[in-house]
Amino acid sequence: MNDFDFDLFIGALYLVAVILFVLGLKRLASPKTARSGNCIASLGMLIAVVVTLVDREIVSFELIIAGIIVGAIIGSIMARAIKMTAMPQMVAVFNGLGGAASALVAAGVFHGNISDGTDMSMDVSVTIMIGTLIGAVTFSGSLIAFGKLQEIIATRPVTFPLQKTFSLLLFVGILAMIGYLVIEPDMTVFIGLSVACLLLGILLVIPIGGADMPVVISLLNSYSGLAAASAGFVLGNVMLIIAGALVGAAGLILTQIMTKAMNRSLVNVVFGAFGAVETVSGSVDPGRETRPVREVAHEDSAVMLAYARSVIFVPGYGLAVAQAQHQLKELGALIEANGVAVKYAIHPVAGRMPGHMNVLLAEADVPYDKLYDLEQINDEFSSTDVVVVVGANDVVNPGARDDAGSPIYGMPILNVDRAGQVIVLKRSLSPGFAGIDNDLFYKGNTSMLFGDARESLVRVIAAIEDL
Amino acid sequence: MFESVLLIEFFIFVLAVFVGFEVITKVPPTLHTPLMSGANAISGIAILGALLVAGQEDVTVGAIIGFMAVILATVNVVGGFMVTDRMLQMFKKSPVDKN
């Protein structure tokens, strides 16, 4: 009788935690309530952890306490120290850790069953293998994504001959090992399976280029949820299954938004590297590079901006690279004080993760209601005096709209070329990550302001102050 | 109703995915990153599994595996929620008292 009550108590608290997760996620979807949503979700996590600790399945606490202390110290230091420009890397690492933890749980259960000599039913062993597969792929894939974002690994698509064939063979090999392990549980084969799964994760992410990172990051986010859910199937723990499923769905929604913003299918992003490389090399016509562009001085840019009625800033990944968000905000505030109407246009895939630009500009104290998405602002460009493009390239390439031969044709873009004047802040004329030449740079109403974005902004600000 | 616990669990999983879709659709782009990192912190729920694996009676290889999982999952959970809060703290609306 007492036993029953205790189980009920545990179950009820798990249910409370699940409810807090759902409410927390719901509140995370609106700017006003987002912060409380995050707190509510973390409270749910705390309850879930405490409940698990008091549940009598756990008999030894030394390792647990040590692990939690070490983890909490590392986690809080990372969360405090990370620069906002490095958020994509941070998210990639955290995705990977979640995946690794889930894979380790599956591995721990497998090892425990083997050393105890417990007979594993088909259900149990299949869920263990799937948990290992998803967790390991999430882990190694996220590490590669981290390496690309940190630019330790080449950000361009890395491909080698017969890559797809190799990946496919590897996947078949993984399935074969899973089949073998279900019939004949063996630790050596299991380690082989884990290594193969890690390799698969590497192969899945390494051919994907820098500009596709927003899709990859949100997909890995979804995987980290699925990994947790699969660990839940291994342990028969409903809490893990539900929380993992919620995260899996959240990641999938973001992935969908990202692929739609690039006018590509998920399959195309994940497996399209070969095609992408070919089309790019075919489309870059060296002759086009010699077309004349109009350069503009900082002083002239200052005059254009100070005497405009309306200005829209279009930030891209270059803003993050130059860490110029504060200078951009300063410029915006300065001309706004002079009576210029200032807005910021954010393309959904600008930067390296969903919402990258929004986070950067929030850090620089730009109010979020000055930030407009593609659909909200695209009709306004034609009635705008000056558009300033800061480190964005492919998302403002008119070729995506007008040139059916362009590799990015069909991708929704910001129609900045329709504005009265366009100032493009850029290091050089080199094409963007997609490797595609941008017609915008050669248009009559476009002026190029070459140099480091941050330095250029500082000089433009100084020039406006001197007016 | 069902003989197989796994089947019931799978029902729960599918329904939870639908709940996730319903709860999170229409999230504004401003919140894409915080939603992602907040959701990621929730995926650190794997910590529960890690606790169960690490909390075995003897310090075996399995318990060590669990110990590592506890560390990784705790970094994920603590770091994830904290960095999300740090980001959300920065999101501000325009001051209204401008006129």
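Select A:Gly24 and display its surroundings: apart from neighbours within four places in sequence, A:Gly24 is in contact with A:Gly37, A:Asn38, A:Ile40, A:Ala41 and A:Gly44 (contact means that the C-beta atoms of two residues, placed from the backbone, lie within 7 Å). This glycine belongs to helix H1 of chain A, residues 2-28 (helices are DSSP runs of H or I with at least four residues, strands are runs of E with at least two, and both are numbered from the N terminus). A:Gly24 counts as buried because it has 28 C-beta neighbours inside 10 Å. A residue is buried if 20 or more other C-beta atoms lie within 10 Å of its own, exposed if 12 or fewer, and partly exposed in between, with C-beta atoms placed from the backbone. Next, add A:Ser36, which is 12 residues from A:Gly24 along the chain; their C-alpha atoms are separated by 7.4 Å.

The model is predicted, and its local features need pLDDT of at least 70, side-chain atom pairs count only at pLDDT 80 or more, and totals for chains, interfaces and linings use all residues. Residues are numbered from 1 along each chain as its sequence is written, while chains are lettered from A and ligands numbered from 1 in the order in which they are written.

Now select helix H2 of chain A (residues 34-54) together with helix H3 of chain B (residues 46-54). The axes of H2(A) and H3(B) come within 10 Å and cross at roughly 20 degrees (axes are lines fitted to C-alpha atoms, for helices over the stretch in contact, and angles run from 0 to 180 degrees between N-to-C directions). H2(A) is therefore roughly parallel to H3(B); angles under 35 degrees count as roughly parallel, over 145 as roughly antiparallel, 65 to 115 as roughly perpendicular and the rest as oblique. At this pair, A:Ala48, A:Val49, A:Thr52 and A:Leu53 meet B:Ile47, B:Leu48, B:Leu51 and B:Leu52. These residues comprise seven nonpolar, one polar and no charged (Ala, Val, Leu, Ile, Met, Phe, Trp, Tyr, Cys and Pro count as nonpolar, Asp, Glu, Lys and Arg as charged, and the others, Gly among them, as polar).

Keep H3(B) and add helix H8 of chain A, residues 213-235; the two pack at an angle of about 40 degrees, with their axes 9 Å apart. H8(A) and H3(B) are therefore oblique to each other. Here A:Ala228, A:Ala231 and A:Leu235 meet B:Ala46, B:Gly49 and B:Leu52, a set of five nonpolar, one polar and no charged residues.

Colour the whole contact between the chains, to which chain B gives 79 residues and chain A 98. On the chain B side, H4(B) gives the most, with 29 residues. That side divides into 49 nonpolar, 23 polar and seven charged residues.

Then select A:Leu246, A:Val314, B:Ala50 and B:Ala69, which touch the most other members of the largest nonpolar core, a group of 194 residues (a nonpolar core is a set of buried Ala, Val, Leu, Ile, Met, Phe, Trp, Tyr and Cys residues joined through C-beta atoms within 7 Å). Among the residues that A:Leu246 touches are A:Phe21, A:Val22, B:Ala16 and B:Ile42.

Finally, visit A:Leu162, in the loop between helices H5 (122-149) and H6 (163-183) of chain A. Its phi is near 60 degrees, a positive value in a residue other than glycine. With 10 C-beta neighbours inside 10 Å, A:Leu162 counts as exposed.
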